[in-house]
Amino acid sequence: MRIRHSLLSAAAAAVLTVGLAPAATATAPAHAATAMNPCGFYETGSDARYNHCTSDGSNVIIEVEVFGPNYERCVGPGDTWLGSASRIQGAFYVGRTC
């Protein structure tokens, strides 16, 4: 499986940090503890996906990079299918909620 990552938001980075901490000092959010996919943009086979890792249930705006004009999209917590990996070059958090 080929995986490409985009920049992670500060919130996603915090979730990752908590998820990597020893269980005695912190409890990872349920979503981070059970997530099989990386946070942010990634590809699996022919699909391009974005995994918004959050513990607060927020929706965020991402910029989707495509051949042609990029576009913004609001995504909720968890994994979102963006389209064919042959069309999508990447996606990243733009720093705004929606």
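This short talk walks through one sheet, one histidine and the salt bridges of the structure above.

Please keep in mind throughout that what we are looking at is a predicted model. I will begin with the sheet, which is open and made of 3 strands in the order S1-S2-S5, with antiparallel pairing. Strand S1, residues 40-44, and strand S5, residues 78-84, are the edge strands, each of them pairing on one side only. On average, and ignoring direction, neighbouring strands of this sheet are turned by 30° against each other.

Strands S2 and S5 run antiparallel and are joined by 6 bridges, and in S5 it is aspartate 79 that serves as the bridge partner of asparagine 51.

Where in the sheet do we find histidine 52? Histidine 52 belongs to strand S2, which covers residues 47-52, and it counts as buried because its relative accessibility is 6%, where the cut-off is under 20%. Its side chain reaches the backbone oxygen of serine 58 at 3.0 Å, while its C-alpha atom is 5.0 Å from that of glycine 78, a residue 26 positions away along the chain.

Let me turn to the salt bridges, of which the structure holds 2. In one of them, aspartate 79 pairs with arginine 49, with 2.4 Å between the closest N and O atoms; this links strand S5 to strand S2 across 30 residues of the chain. Aspartate 79 is partly exposed, at 32% relative accessible area.

Glutamate 72 and arginine 96 also meet in a salt bridge, at 2.7 Å from N to O. Glutamate 72 lies in strand S4 and arginine 96 in strand S6, so the pair ties together parts 24 residues apart in sequence. Glutamate 72 is partly exposed at 45%, and arginine 96 is partly exposed at 39%.

Terms used. Residues are numbered from 1 along each chain as its sequence is written. This is a predicted model: local features need pLDDT of at least 70, side-chain atom pairs count only at pLDDT 80 or more; totals for chains, interfaces and linings use all residues. Side-chain values use heavy atoms; hydrogens and water are left out. Helices (H or I, at least four residues) and strands (E, at least two) are DSSP runs, numbered from the N terminus. Buried means under 20% relative accessible area, exposed over 50%, partly exposed in between (1.4 Å probe, protein chains only). A polar contact is a pair of N or O atoms within 3.5 Å; within protein, one must be able to donate a hydrogen and the other to accept it, and residues adjacent in sequence count only if both atoms are side-chain atoms. Two strands pair if DSSP finds at least two bridges between them. Axes are lines fitted to C-alpha atoms, for helices over the stretch in contact, and angles run from 0 to 180 degrees between N-to-C directions. A salt bridge is a side-chain nitrogen of Lys or Arg within 4 Å of a carboxyl oxygen of Asp or Glu.
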